Amino acid sequence: MTSPQPHGTNPHGMPTEALHPGGGGPRQESRHEATHEHRHQARSVAEHAAAVARLLQPLRSVNRTEQLPLREALGRALVSGVTAPISLPPFANSQMDGYAIRSADLPDGGGELSVMPPVPAGASPDALKPGMAAPIMTGAMLPDGADAVVPIERAVPDRFLPHGEQATVRLPSAAPGTYVRETGSDVRAGETALAAGTFLGPAQLGLLAALGIPEVTVHQAVKVLLVTTGDEVVAPGQDLPPGKIYDSNGTLLEAAMRQAGLEVRRADIVTDNPDRLRTLLRAEGGEADLIVTTGGVSKGAYEVVRQAMEDQPVEFLHVAMQPGGPQGIGTFEGRPFLGFPGNPVSCLVSFEMFLRPVLGSLLGTPVPRLPLRARLGQPLTSPEHKHQVRRGTLQPDGTVELQGGDSSHLMHALAGSNVLVHVPQGVAALAAGAEVEVWML
């Protein structure tokens, strides 16, 4: 699997998270906590991505494939490669409205040819007779004997004559192959049209349709049970008592997952009650391929996810990443489980750095974020022992303006961003104008 971090970096060290949770972050991931963790205990971004890949490897099983008609396959990925059953184009055809000719019939200065009956698109024309030209429409089959097309605007007269009228037309000379789409010039029968794992977007589905393929075998969409935790979290639309915050994590992650092609079942918000969380996971997790929670994975006094997983093979650890250091990974009663941090930017960065690229590598969907090189519009600092992910706006001139600071509660800054800015491990500061890797959101 390609590492989900720029330049193949391997950051180490403890993450530094913001002191204050924001719209939907049930747990604080404090700087105080980070400084008291032994840095060598932190897992690198690459190591954690590999662990997530191992956890989710069974999703690649042949038992999790299905055959779908093309109209339902958008956003899925091919299980196996597709061999072209026919050539495209399946026959030589005209690239222009004009006259199909035999190039040898016209000297260098051009000449007059007699006009044959026209060749409309979809017709099977008669062979082209020597010394004659056939009016031909764009996409129409080239008559046998013809090897070039002269566009109508170069003819004299520069219009098609009425059908049945005996006439001649003056045409310039043309080299063989001029304005001709040769058989198989796009893809030849027997060649690989699409490789295994190809993401099926509009262009890929259009190619399959052009090849006459009505349905494809694809990986099933991943079903996720998404659970937000925390006593302090209230669903949007309800009254907001003192000390409470609205849940943004559920909406944020659900939207990101759905946009990436996952099927999401979003559970009710769970308070800091481990028994209730276990009951919910047992009741609603049975049909899920993956359980994802947000919050409750740090080392505070009320970390409900940690408490609920005490009897399960789940590891809670720190990844050398800012934001998004605290992570949970394992299984809950046999179901793959990932525990993301509670701060909203942290949980989204966790999804983008781990779940999204791992699923893309295993199943071909979602497609990877497009990495670009950009120049910083202002200087930045970064914890040298961590991989930092900042939010930014890529400008038309190729510079990236950072949005907000490194705190993981800044939802407004996230909403104003169109890229993730990567600062690899080992970098403590970058000056304005320095080149960085950014991922388009």
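These legends go with a few views of a predicted model.

**View 1. The whole chain, helices and strands together.** The protein chain has eight helices and 27 strands. Of its 441 residues, 52% are buried. Contacts in this chain lean on far-apart partners: among those with a separation of 6 or more, 73% join residues 24 or more positions apart. As for the outside, the accessible surface comes to about 19300 Å², and carbon and sulfur atoms hold 51% of that.

**View 2. Helix α4 alongside helix α7.** Here we're looking at α4 (residues 249-259) and α7 (residues 344-363), whose axes come within 9 Å and cross at roughly 20 degrees. Angles under 35 degrees count as roughly parallel, so that's the label this pair of helices gets. The crossing of α4 past α7 is right-handed.

**View 3. The side of α4 that meets α7, residue by residue.** On the α4 side, the residues to pick out are Asn249, Leu252, Leu253, Ala256 and Met257. Their counterparts in α7 are Pro344, Cys347, Leu348, Phe351 and Leu355. Sort this contact by class and you get nine nonpolar residues, one polar and no charged ones.

**View 4. Glycine 201 in its loop.** Glycine 201 sits in the loop that runs between β10 (192-194) and α3 (202-210). Its relative accessibility is 5%, so glycine 201 counts as buried, the cut-off being under 20%. Leucine 74 belongs in this frame too: its C-alpha atom is 5.7 Å from that of glycine 201, although the two residues are 127 residues apart along the chain.

Methods: Residues numbered from 1 in each chain as written. Predicted model: local features only at pLDDT ≥ 70, side-chain atom pairs only at ≥ 80, totals over all residues. Heavy atoms only, no water. Axes fitted to C-alpha atoms, helices over the stretch in contact; angles between N-to-C directions. Helix = DSSP H or I, 4+ residues; strand = E, 2+ residues; numbered from the N terminus. Parallel < 35°, antiparallel > 145°, perpendicular 65-115°, else oblique. Left-handed = near helix turned anticlockwise from the far one by under 90°. Contact = heavy atoms within 4.5 Å. Nonpolar A, V, L, I, M, F, W, Y, C, P; charged D, E, K, R; others polar. Buried < 20%, exposed > 50% of the residue type's maximum accessible area, 1.4 Å probe, protein only. Areas by Shrake-Rupley, 256 points an atom, 1.4 Å probe, with all protein chains shown as cover.
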